[in-house]
Amino acid sequence: MEKALLFSTKASGPLFLSQKNQYTCGLSTACSWSLNSRILNGSVTKPKFLHCFHLGIFSNSNREKGENKRFFGAILVYSQMAGCERTAVTGDMRSGNMIFEPILEDGVFRFDCSTDDRNAAFPSVSFVNPVDRETPISSDHRVPSYVPTFECVLGQQIVKIEFPYGTSFYGTGEVSGQLERTGKRVFSWNTDAWGYGAGTTSLYQSHPWVLAVLPDGGAVGVLADTTRRCEIDLRKEFNVKFIAQLSYPIITFGPFASPTDVLISFSRAIGTVFMPPKWSLGYHQCRWSYASDARVREIARTFREKNIPCDVIWMDIDYMDGFRCFTFDKEQFPDPKCLVDNLHQNGFKAIWMLDPGIKFEKGYFVYDSGSEKDIWIQTADGKPFVGEVWPGPCVFPDFTQSKARSWWANLVRDFTANGVDGIWNDMNEPAIFKTVTKTMPENNIHRGDDELGGCQIHSHYHNVYGMLMARSTYEGMKLADQNRRPFVLTRAGFAGSQRYAATWTGDNLSTWEHLDMSISMVLQLGLSGQPLSGPDIGGFAGNATPKLFGRWMGVGSLFPFCRGHSEADTNNHEPWSFGEECEEVCRLALKRRYRLLPHIYTLFYVSHTKGIPVATPILFADPEDPKLRTREDSFMLGPLLICASTQRDQELDDTQPRLPKGIWLSFDFEDSHPDLPALYLKGGSIIPVGPPYQHVGEANLTDDLCLLVALDEHGKAEGVLFEDAGDGYEYTKGGYLLTTYVAKLQSSVVTVSVSKTDGLWERPNRRLQVKLLLGTGAMLEAWGTDGETMQIMLPSENEVSNMVLASEKQHKSRMECAKIIPDVDNVPGHKGVELSRTPIVLQSGDWVLKVVPWIGGRIISMEHDPSGTQWLHSRVEISGYEEYSGTEYRSAGCTEEYSVIERDLEQSGEIESLKLEGDIGGGLVLQREISFSKDDPKVFRIESGIVARKVGAGSGGYSRLVCLRVHPTFSLLHPTESYVEFTSIDGSKHEIWPESGEQYFEGDLLPNGEWMLVDKCLRLALVNRFNKNEVFKCLVHWGAGTVNLELWSEQRPVSNQSPLQIAHEYEVISI
């Protein structure tokens, strides 16, 4: 390869490639990095890496093997503009319809911008068999119904697909916010999203996938098969847009008759979920952290004493010796094998955490062995990258290399000898502390396997790092015991991760909003190929109230993955931690789950073999009904419909759920409670249920089996039950029993029988109970022997009516007599901050704000509706928009409870302005008014002041020395492409980038009444205008994925006549 000069949009550059064959990866450890200084107004600012266009840097030796693929990218030239850095531009600007070829099976098409782009595309990591994406099939000469268009501009490939009026969008992977995704834009870039909210645009996983449900109920799936950062833009109705670095293919699935058919086809491409061991479908109890062997045993003992079902206890990072992976704290966990043996004796499994960060420490056996095998991710100059996480300085395995995956798998194999039943991979985005990007440099080097894409910089492999780690962990557990199914939980993932691991929705909050959002988040993951997921029940951060925790357990007990987890420095969040009323609701909820485990396990077998999600939105009951497409309070487990109340002020019996068309029969297990969801079974269905065990290991094949039967309008019903050993792989050799049960009504007699069986197992000798649902909880019961035909005589219509009326009366009595969980904001003994009150929502013009008066009057959400961007980084109790009364960080004003003084409402009911004030001591109050401009809906305004309310005469009428310090914390969606820009009073121009650290500006360098936070990727800027006569100092502080743009008043005493004030406003503009 000849020497070439290339630029990368994410990597630092320019990069001089070495001569041919000197370094086969094409990323030379001897490469030269050039810095470009910004020159503004004749002064040199801090040097910054020159950014550029194409990341596909490789030598011929990497791309010639067997596929005749060639480099295809932008042709670059230089331009120099006055006052700007040197910029690369491209002459390669193309557009048109994408070319296509059928792949995989009928109805599946691959689209590329051109033949050259097809040849230039990197191998698929999402496909279970990457060759399938590269291999055209002979088809029935169908042509695709929807052909994407493309534009290739400045190294970016922009793909658009237009769908018919009335199309609804779902999927996009792990995303917060609403279920139906129209109007949203997200970025697939795995991010440690601690404290995420409904508007956060990048979470822990990346699934560049959209499920489009058409107006007639049919569906189309669209996959942008790229590992790179990818923008998924659904802001234009009925249109899908992907933006990522070229070249990547688009894969479409369908249109098919239903969303289910699309997902079955999608799973043939990316694979189905691993078959989970049955114990992993029980309840899991976790905390950061159960800090000792004794505490773990105490938790396990209490579950059994209180008769609350549970199968698994988790060990977070504190079990380790100084956070070193594959070690144990000798004082707190002196004999982990003995601990696990004790847990096993009591019916518990043990899951232990492993992070990717390996302590950079000679003499630590993991570091030494990895160094010997040379498996660490490297910096651009070829040295092992060192980044800080929990153990301190760490190196990171390069899981793109087979030798690194094998090394890790062998460590996992040896680790499981301690009695490890499952492994939890956390922090694997990968997350890095003390860096603005919250991850490692994008120009780090991965010496990847050719089949994954070869040697590439980190931005190419970032999104699949967590998936490859989970794969390595999964393979290590299989090495340890071929007769046990691995169980791995991963935080980071990509399309295809379900082949190796379950997932959860990350560091959520103990708020009603996050409870409500957890349903749609679990459903979106299922609609994106990952059916085994769930939230941290009760919320990870903050303290749940009894009502919130009980309600969350009611819903969460029916999610595919069911785990309670909570953060350090919060109160205990075990089911018995919130009083006896909440404890009873948790007990009822978990007993429900264990009764339904035969059905849930069957759904997982179907998902594993066919790719159908375990939990689906209610719209799957009738995809043609547009009114079901935005329902977020309900979901389905097969034909079982769960209707929940996720609003604080709404009990279950206060709601009348809108059911899909057809027959839906309600039932319970004589456990109805206002804080538990309502259950309905679809007419025409049979589901199996069992006893409410304390753990899965209590079950025996000869135990009684129960079938719930709901007849359709034709008097028929059908359902299946899958049974096997619950672990191991004998089921793949026929070691299972799959039974199809049918019911039929003829002449007032319902006959229940077995219509079909599969598998080599003989039917167990057991009793069979059939419960024929009649409606509103009424049912007929009959007993027989499983496998034999049973008949149930229907009573007369009058008798059925009387049974239904009696059941309604019993249900009402149970609801009225239930011990209601007290709706209190604080629980005695709770540590931390209560987060579960409902924020005030202010909505007008372009903005939607959320304010929590009870904790510093802070603004926790600042969403710009037209662009779909959430600008604030916040949790309820910290960050967001705060104000202080002193120069000290978090001085008085940011934690006090504020009172709402006045609300002015528009006629539509939306809040136009809000006035708050909080007592900050010493006779002072901090006042704030948030208002929207009727004349300019693009702007909202904040006027704040420190006012002397009761300053004593002895002080001369003056307060203590105070300073009004406005402290907003903004999120950086693209940290390396974001900066602060302003013109100072003296006319000098400034660009402040993240690497510049913390800077103050005052005097003539103060911004001249305006500064802005610019996101180059979004092509947007958040403009902050202020009265420069009120502001004496401005501060820029860069954090991990955040920036503070602070306004400071002068520092002085105040009196009744001389308050301190700052008035300022925000607006989003295009750049």
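**Helix crossings and unusual backbone spots**

User: Is the crossing of helix 8 and helix 10 left-handed or right-handed?

Analyst: The crossing of helix 8 and helix 10 is right-handed, meaning that the near helix is turned clockwise from the far one by less than a right angle, whereas anticlockwise would be left-handed. Please keep in mind that this is a predicted model, where local features need pLDDT of at least 70 and side-chain atom pairs count only at pLDDT 80 or more, while totals for chains, interfaces and linings use all residues. Residues are numbered from 1 along each chain as its sequence is written, and side-chain values use heavy atoms, with hydrogens and water left out.

User: At what angle do those two pack, and how far apart are their axes?

Analyst: Helix 8, which covers residues 402-415, packs against helix 10, which covers residues 465-480, at an angle of about 50 degrees, and their axes are 7 Å apart (axes are lines fitted to C-alpha atoms over the stretch in contact, and angles run from 0 to 180 degrees between N-to-C directions). That angle makes helix 8 oblique to helix 10 (under 35 degrees is roughly parallel, over 145 roughly antiparallel, 65 to 115 roughly perpendicular, and the rest oblique).

User: Which residues meet there?

Analyst: On the helix 8 side, Arg405, Trp408, Ala409, Asn410, Val412 and Arg413 take part, and the residues they meet in helix 10 include Leu468, Met469, Arg471 and Glu475. Contact here means heavy atoms within 4.5 Å.

User: And how does helix 7 pack on helix 8?

Analyst: Helix 7, made of residues 365-373, packs with helix 8 at about 155 degrees, and the axes of the two are 11 Å apart. Helix 7 and helix 8 are therefore roughly antiparallel to each other, and helix 7 passes helix 8 in a right-handed crossing. Phe365, Val366, Ser369, Gly370 and Lys373 of helix 7 make this contact with Lys403, Trp407 and Leu411 of helix 8.

User: Zooming out, how many helices and strands are there?

Analyst: The protein chain has 15 helices and 69 strands, taken as DSSP runs numbered from the N terminus (H or I of at least four residues for helices, E of at least two for strands). Of the 1071 residues in the chain, 62% are buried (under 20% relative accessible area with a 1.4 Å probe and protein chains only; over 50% is exposed, and in between is partly exposed). Among the chain's contacts between residues at least 6 apart in sequence, 69% join residues at least 24 apart.

User: New topic: where are the cis peptide bonds you'd point to?

Analyst: One joins Leu246 and Ser247, with omega about 5 degrees, and Ser247 sits in the loop between strand 20 (239-245) and strand 21 (250-256). Another runs from Glu429 to Pro430, with omega near 0 degrees, and Pro430 belongs to the loop between strand 28 (422-425) and strand 29 (445-447).

User: Why point those out?

Analyst: Because most peptide bonds are trans, and most residues other than glycine have a negative phi.

User: What is the phi of Asn307, then, and of Lys434?

Analyst: Asn307, although not a glycine, has a positive phi of about 60 degrees; this residue lies in the loop between helix 5 (293-305) and strand 23 (312-315). For Lys434, phi is near 55 degrees, again a positive value, and Lys434 is in the loop between strand 28 and strand 29.

User: How exposed or buried is each of them?

Analyst: Asn307 is partly exposed, with a relative accessible area of 33%, whereas Lys434 is exposed, with a relative accessible area of 71%.
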